[in-house]
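Work through the exercises below with the sequence and the 3D structure in view. Each task is followed by a solution in steps.

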Amino acid sequence: MEYMDITSILEPLNPAQREAVTASPSALLVLAGAGSGKTRVLTHRIAWLVKVEQVSPQSILAVTFTNKAALEMRGRIEALLHLPTHGTWMGTFHGLAHRLLRRHAREAGLPEAFQIMDADDQYRLLRRLLKSLSLDEARWPPKQAQWFINAQKDEGRRAHHMVASHDPFERQLLRIYQAYEELCERSGLVDFAELLLRAHEFLREHADIRAHYLKRFRHVLVDEFQDTNAIQYAWLRLLTEAQDNLFVVGDDDQSIYGWRGAKVENIFRFQKDYPGHRLIRLEQNYRSTGNILSAANALIAHNEGRLGKTLWTAGGAGEPIAVYAAFNEQDEAYFVIERLRQWIHEGNRRSEAAILYRSNAQSRLFEEKLVAAGIPYRVYGGLRFFERAEIKDALAYLRLIANRHDDGSFERVVNTPTRGIGAKSLDTLREVARTRRCSLWEAASGLCADAGTPGRTRLLFTHFLQLIDGLAQETAGLPLYEQVKCVIEKTGLLGHYQKDKGEQAEARVENLEELVNAARLFDHEPQEDDALSPLTRFLAHAALEAGEGQADADEDCVQLMTLHSAKGLEFQLVFLAGMEEGLFPSLQSLEEAGRLEEERRLCYVGLTRAKRRLYLTYAESRRLYGRETYPRSSRFLREIPTEHLQEVRLRGAISGPPGPAPTPDAEGLSVGQGVRHAVFGEGIVLQSEGAGSQCRVQVKFAEVGVKWLMAGYAKLQSI
DNA sequence: TGTTAATAAATTTTT
DNA sequence: TTTATTAACA
């Protein structure tokens with residue numbers, strides 16, 4: 001019987017995969033190309049450890065980036081082992097850090113009832129904070145402060161670690177960071193980056209507890225290693241002192257989240273920090289045709305400093321990649337829809353076709369045309385369930401019940417539905433809270449007790465406070481879904497949306513009902529975490545797993561998504577739309593050298609999503625932000641050898657040599673192009689207007705900023 | 001308090 | 001062009 005199990009673990013593997021799965025103890029880096037069976041290696045490795053090496057599932061720590069990946073891994077391992085895996089710490093970095101912090105809240109310096117803020121909560125908190133610091137939002141955009149703070153935390157830097165910069169702007173940001181930390185501390189709030197940072201600091205500073213986990217986790221496995229940021233890497237270092245138990249899988253060519261703090265360099269650091277490591281490359285691809293792979297290989301070869309990897313397939317070359325030069329974006333969408341129609345007509349599944357694009361804004365036209373053609377489709381991205389306004393309102397009430405001092409939640413619902421508590425009352429309330437350095441809840445209690453407060457204000461606040469206190473008492477012993485139900489009814493939230501006759505109101509009511517349902521299902525899930533109340537667990541779940549984007553996943557429909565969200569997926573038929581300079585690679589990525597390489601990796605990801613048929617399309621003219629632009633075709637098209645491409649011509653006529661010809665406009669200038677000016681120096685063309693002698697171009701110069709120039713006079717030199 | 005007009009901005013996104 | 005946010009208004 002044992003023997004059979006080993007067969008099922010090893011048989012589906014190729015030699016390289018088998019080598020990785022059965023490797024004896026040592027740090028191991030698996031460089032897994034797109035479609036080379038990365039997840040399979042990871043899951044089979046775990047199965048191997050448990051079945052053959054007799055490692056207890058409890059001593060395995062497996063980390064992924066998304067909940068989806070974690071779920072998939074768990075499912076596949078259970079299928080492989082015929083065993084439940086609940087004893088295994090398997091989850092996202094954030095999920096596991098959260099688990100650690102809940103377990104050791106006191107040692108980590110957190111209140112037992114600490115709450116997790118999602119990005120939106122964090123943004124709102126910062127907006128309030130900036131206001132309370134009397135900083136002008138226009139000069140200090142909350143988004144920028146948020147970005148700054150998260151970037152620091154991702155690097156493991158606390159405000160007090162940082163030396164005040166000479167740059168006054170950064171100095172102010174640092175002050176904001178400082179104030180933000182204090183505010184979070186005071187209100188028991190933890191943002192996403194804080195989960196990781198706090199867990200790291202806590203493990204670092206508590207040698208005894210660290211020793212416990214070091215002993216426990218005999219094996220640490222990491223998926224998508226190229227996406228780890230500095231603090232995640234430091235975290236892994238702490239947990240793998242033994243040096244021989246870290247198994248990471250990743251692909252430097254698929255690192256596309258550098259802008260979010262991910263460090264491909266971690267792969268190189270790994271090689272230095274774990275000198276005894278082994279490196280295994282998975283280069284056999286089971287997904288795409290030979291043409292697609294050769295194109296992808298050729299494209300990515302334009303990047304420097306790669307670890308190097310060449311995908312190959314045992315299958316045939318397949319069809320060439322089709323390139324279509326559309327007149328404009330309308331024509332492009334029209335072309336794609338026609339080909340989709342054909343595909344469906346041939347009896348293929350719609351869900352096996354995907355339209356991929358660089359930016360979300362591009363989806364609109366495809367959607368319009370798909371609607372007109374009556375083809376069902378699904379757009380990925382956008383608001384997820386737990387991010388919807390009405391759901392966040394309901395959760396805010398629940399959070400207030402769990403923790404009265406959660407000011408963000410207080411502000412969110414104190415006047416939702418309207419209770420006559422307007423901006424003025426809130427201003428006084430905030431003022432009281434600030435001077436007394438207390439929470440809004442305490443400030444409101446204070447106002448109610450103070451005889452000097454105007455009667456109306458006092459009445460309204462008393463009402464609100466009683467509502468929350470009352471709800472907390474009433475729902476105390478109830479099952480979770482009853483609690484949720486009670487809250488959305490008694491607070492008037494449900495009634496508020498039921499009365500509303502707006503377009504979205506009906507959907508909102510449905511969503512609130514769905515929330516009750518989600519709570520019911522959640523309560524039935526096996527309880528992994530010890531002493532936590534169901535409500536606390538549910539709130540954490542809502543923040544950490546925001547849910548799916550759209551519900552109608554079961555219908556067979558065409559998939560629309562950005563290149564980023566396509567990572568990890570595969571489709572028989574792929575359209576890569578908008579292959580234009582300035583769009584893809586995006587304009588802003590042209591300004592920094594490293595970012596162009598990331599765009600190229602993104603293109604590599606896009607190409608390797610296709611299993612059988614791939615279309616690359618671009619428009620010779622595109623309306624962008626209400627202006628007509630005449631972009632050049634993407635350099636990425638030109639980086640693919642023409643032997644793998646075939647230009648598509650509508651209306652039959654077959655053209656001469658395959659491959660896209662660059663299409664400069666009359667002046668030889670196009671958006672995104674680098675230029676040199678005799679006086680202003682080097683810059684990038686942002687847009688152009690008019691034609692012939694009237695042609696004007698807008699150029700962003702490195703030194704003198706953005707300028708409009710007459711193309712005829714400026715004597716711009718292409719670079 | 002909710003609506004409307006004006007204004008500004010405009011990649012990529014998971015946790 | 002669309003979208004979001006904000007200030008002014010009824």
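**Exercise 1. Strand B**

Find which side chains make polar contacts (pairs of N or O atoms within 3.5 Å) with DNA strand B.

Solution. Start with R384: an N or O atom of its side chain lies 3.5 Å from a phosphate oxygen of DNA strand B. Before going on, note that this is a predicted model, in which local features need pLDDT of at least 70 and side-chain atom pairs count only at pLDDT 80 or more, while totals for chains, interfaces and linings use all residues. Residues are numbered from 1 along each chain as its sequence is written, chains are lettered from A and ligands numbered from 1 in the order in which they are written, and side-chain values use heavy atoms, with hydrogens and water left out.

Next take T562, where the distance from a side-chain N or O atom to a phosphate oxygen of DNA strand B is 2.5 Å. R260 reaches a base instead: a side-chain N or O atom is 3.3 Å from a base oxygen of DNA strand B. Helices α25 (563-566) and α26 (593-607) are the elements that give two or more residues to the surface near this strand; helices here are DSSP runs of H or I with at least four residues, numbered from the N terminus.

Then describe the surroundings. A residue is near a strand if one of its heavy atoms lies within 4 Å of it. There are 28 residues around DNA strand B, and N67, R358, T562, S586 and R595 come nearest. They divide into eight nonpolar, 15 polar and five charged. Here Ala, Val, Leu, Ile, Met, Phe, Trp, Tyr, Cys and Pro count as nonpolar, Asp, Glu, Lys and Arg as charged, and the others, Gly among them, as polar. Of the strand atoms within 4 Å of the protein, 48% belong to sugar or phosphate and the rest to bases.

**Exercise 2. Strand C**

List the residues around DNA strand C and sort them by class.

Solution. The list is R127, E137, R364, Y625 and G626. Sugar and phosphate make up 38% of the atoms of DNA strand C within 4 Å of the protein. By class, the residues are one nonpolar, one polar and three charged. R127 has a side-chain N or O atom 3.5 Å from a phosphate oxygen of the strand.

**Exercise 3. Ring pairs**

Decide why the pair W140 and F169 is called stacked.

Solution. A pair of aromatic rings is described by the distance of the centres and the angle of the planes. Rings of Phe, Tyr and Trp (its six-membered ring) pair if their centres lie within 6.5 Å; planes under 30 degrees apart count as stacked, over 60 as edge-to-face and the rest as tilted. This rule gives 19 aromatic pairs. For W140 and F169 the centres are 4.7 Å apart and the planes at 20°, so the pair is stacked. W140 sits in the loop between α6 (119-132) and α7 (142-154), and F169 in helix α8 (residues 168-187), 29 residues apart.

Now compare F385 and F386: with centres 5.1 Å apart and planes at 80°, the pair is edge-to-face.

**Exercise 4. Cores**

Which residues have the most contacts inside the largest nonpolar core?

Solution. A nonpolar core is a set of buried Ala, Val, Leu, Ile, Met, Phe, Trp, Tyr and Cys residues joined through side-chain atoms within 4.5 Å. Buried means under 20% relative accessible area, exposed over 50%, partly exposed in between (1.4 Å probe, protein chains only). The largest core has 51 residues, and F386, F410, L429 and F538 have the most contacts inside it. Helix α16 (residues 389-402) gives it the largest share, eight residues.

Note on methods: Polar contact = N/O pair within 3.5 Å; in protein donor to acceptor, adjacent residues only side chain to side chain.
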